[in-house]
Amino acid sequence: VAPVGRAAVGIVGAGQLARMLCQAAVGLGITPRLLAAVADDSAALVDPDVLLGDPGSLDALRALASTCAVTTFDHELVDPEHLVALEAEGHVLRPGAATAAVVVDKRRQRELIRDLGIVGPIWRALPNDAGEAAAGVRAHGGEHGWPVVLKAARGGYDGRGVRVVAGPSEVDGAVASMGAAPLLVEEGIDIAFEIAVQVVRRPGGEMVVYPVVETVQRDGICVEVVAPAAVEWEVALLAEGAARRLAEAIDLVGLLAVELFVDPHGRVTVNELAVRPHNSAHHTIEACETSQFENHLRAVLDLPLGATTLRAPHAVMVNVLGPPDGSDPADGLARALAVPGAHVHLYAKGAKAGRKLGHVTVCGDDADDVRARARRAAGALVGEG
Ligand SMILES: Nc1ncnc2c1ncn2[C@@H]1O[C@H](COP(=O)(O)OP(=O)(O)OP(=O)(O)O)[C@@H](O)[C@H]1O
Ligand SMILES: [Mg+2]
């Protein structure tokens with residue numbers, strides 16, 4: 001069915017990020033047009049204006065972009081060549097094709113970080129040949145110490161495509177397990193804690209930055225976000241400065257999330273970039289003056305950006321990951337909502353072990369109490385306690 005009229009905003013992808021973009025769009029009087037792979041994608045369930053199609057297909061992307069004033073993205077797994085083609089046809093993409101081309105590839109990210117004089121883990125690109133790649137991994141470990149971390153340059157998320165290699169004897173197996181993807185290897189950082197910062201930028205260059213958060217990962221997946229991060233002001237300033245410079249360098253329009261590591265000596269390294277609303281900023285829905293989703297929409301629509309200030313001294317967001325028994329978090333909704341101050345977000349996705357199915361945010365005055373309540377509510381959703 002051909003879409004009726006022209007939508008203000010198109011969104012490629014219909015996962016939970018698109019769903020929460022739709023939620024923010026409601027207040028702005030906007031109905032986004034979505035490109036969803038299937039009709040029961042998380043965001044497609046709440047938006048009446050959905051095109052069904054494969055985000056990997058240029059035709060499907062064109063069907064969306066050609067009927068929207070501006071097109072944005074809820075994920076990065078779109079072919080950068082397609083984005084170049086769409087821009088050449090005159091369609092407005094935000095962030096644009098050149099920005100996406102950098103961020104889609106961890107090697108390009110690492111080059112940019114280095115070129116800006118920002119510190120990242122020491123890394124090297126690996127040859128496509130498995131034997132030569134293994135030799136490169138051994139050389140890297142020999143020079144910079146073990147463990148090293150092997151990464152797929154493209155397509156990884158939630159720790160898929162990331163492998164810690166403890167020593168030389170593990171190298172061949174690790175390389176073989178990564179399949180055909182182009183690889184890079186980097187020093188294994190002794191991580192004391194991980195932090196993230198998000199910056200939002202408008203086409204003319206106006207920027208706002210969210211307070212730095214601590215992110216807690218388990219098995220490569222973010223499980224918890226603490227705002228603000230309990231870091232020295234120098235660390236916060238460094239993270240914020242890096243985010244602003246990266247945003248300018250990639251000519252960002254929309255939201256950029258920057259993930260960083262802090263080691264036990266206080267050394268800060270930039271891990272990776274994402275140009276879309278990000279899990280490390282879900283707390284901003286309740287905890288900040290303007291949510292990341294609303295600010296992303298404001299940026300791509302070239303509207304004034306909103307304040308990013310925290311509205312409470314502390315906020316904690318806990319992800320709801322599908323429990324091993326495959327049960328549905330919705331079954332625990334009543335118990336979660338009985339926890340005072342718990343803001344529950346369920347994404348209406350099919351329950352599957354380990355899958356991100358929702359999150360809970362709690363805001364308040366006492367850091368420990370806020371964390372305890374957020375964990376209790378999230379626990380109730382996965383059948384704990
Ligand atoms: N060089 C490193 N040294 C130590 N730990 C690392 C290193 N790189 C990654 N990790 C660990 O693995 C996690 C996932 O890595 P990374 O963010 O690069 O992968 P991803 O799959 O792209 O993740 P995302 O879900 O954020 O897209 C990190 O948050 C960190 O905990
Ligand atoms: Mg990451």
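Is R202 buried or exposed? Select R202 and find out; this tour of a predicted model starts right there.

**Stop 1: R202 and its surroundings**

With R202 selected, you are in the loop between strand 9 and strand 10. The relative accessibility of R202 is 16%, so this residue counts as buried, the limit being under 20%. Now add D302 to the selection: the side chains of R202 and D302 make a polar contact at 2.8 Å. To see more of the setting, show L252, V253, A299, L303, P304 and L305, which are among the residues that R202 touches beyond four places in sequence.

**Stop 2: helix 10**

D302 leads us to our next element, since D302 follows helix 10. Check the backbone of D302 while you are here: its phi is positive, near 55°. Then select residues 292–300, which make up helix 10. This helix is mostly covered, with eight of its nine residues buried. Colour the buried ones to see them: Q292, F293, N295, H296, L297, R298, A299 and V300.

**Stop 3: the magnesium ion**

Next, select ligand 2, the magnesium ion. Which residues coordinate the magnesium ion? Show E259 and E272, whose OE atoms do so at 2.0 to 2.1 Å. E259 belongs to strand 13 (residues 254–262) and E272 to strand 14 (residues 268–274), so this pair ties together parts that lie 13 residues apart in sequence. With a relative accessibility of 19%, E259 counts as buried.

**Stop 4: ligand 1**

Keep E259 and E272 on screen and add ligand 1. There are 20 residues around ligand 1, and those that come nearest are K106, D158, G159, E194 and E272. Try the distance tool on three side chains, looking each time for an N or O atom facing an oxygen atom of ligand 1:

- K106, at 2.6 Å
- E272, at 2.7 Å
- E259, at 2.9 Å

**Stop 5: the nonpolar cores**

Hide the ligands and select I195, L256 and V258. These residues have the most contacts inside the largest nonpolar core, which has 29 residues. Elements giving two or more residues to this core include helix 4 (97–103), helix 5 (106–115), strand 9 (193–201) and strand 10 (207–209), along with strand 13 and strand 14. Helix 8 gives the most, with six residues; select 233–249 to display helix 8. As background, nonpolar side chains tend to be buried together in soluble globular proteins.

Zoom in on I195 for a moment. Among its contacts beyond four places in sequence are V212, V213, A229, V231, V235, A239, V258, L260 and V262. E259, from the magnesium stop, is in contact with I195 as well.

For a second, separate core, select V9, M20, A44 and Y347, which are included in its 18 residues.

**Stop 6: strand 6**

Finish with residues 148–152, which form strand 6. Five of its five residues are buried, so strand 6 is largely enclosed by the rest of the structure. Rotate the view to compare the two faces: V148, L150 and A152 are on one side, V149 and K151 on the other, and all of them are buried.

What does strand 6 pair with? Select residues 162–165 to bring up strand 7, which runs antiparallel to strand 6 and is joined to it by four bridges. Here L150 stands opposite R163. Then select residues 183–187 for strand 8, also antiparallel to strand 6 and joined to it by five bridges. In strand 8, L183 is the bridge partner of A152.

Note on methods: Residues are numbered from 1 along each chain as its sequence is written. Chains are lettered from A and ligands numbered from 1 in the order in which they are written. This is a predicted model: local features need pLDDT of at least 70, side-chain atom pairs count only at pLDDT 80 or more; totals for chains, interfaces and linings use all residues. Side-chain values use heavy atoms; hydrogens and water are left out. Donors are N, O and S atoms within 2.8 Å of the metal (3.2 Å for Na, K and Ca); water is not among the atoms, so sites may look incomplete. Buried means under 20% relative accessible area, exposed over 50%, partly exposed in between (1.4 Å probe, protein chains only). Two strands pair if DSSP finds at least two bridges between them. A nonpolar core is a set of buried Ala, Val, Leu, Ile, Met, Phe, Trp, Tyr and Cys residues joined through side-chain atoms within 4.5 Å. Contact means heavy atoms within 4.5 Å. A residue is near a molecule or strand if one of its heavy atoms lies within 4 Å of it. A polar contact is a pair of N or O atoms within 3.5 Å; within protein, one must be able to donate a hydrogen and the other to accept it, and residues adjacent in sequence count only if both atoms are side-chain atoms.
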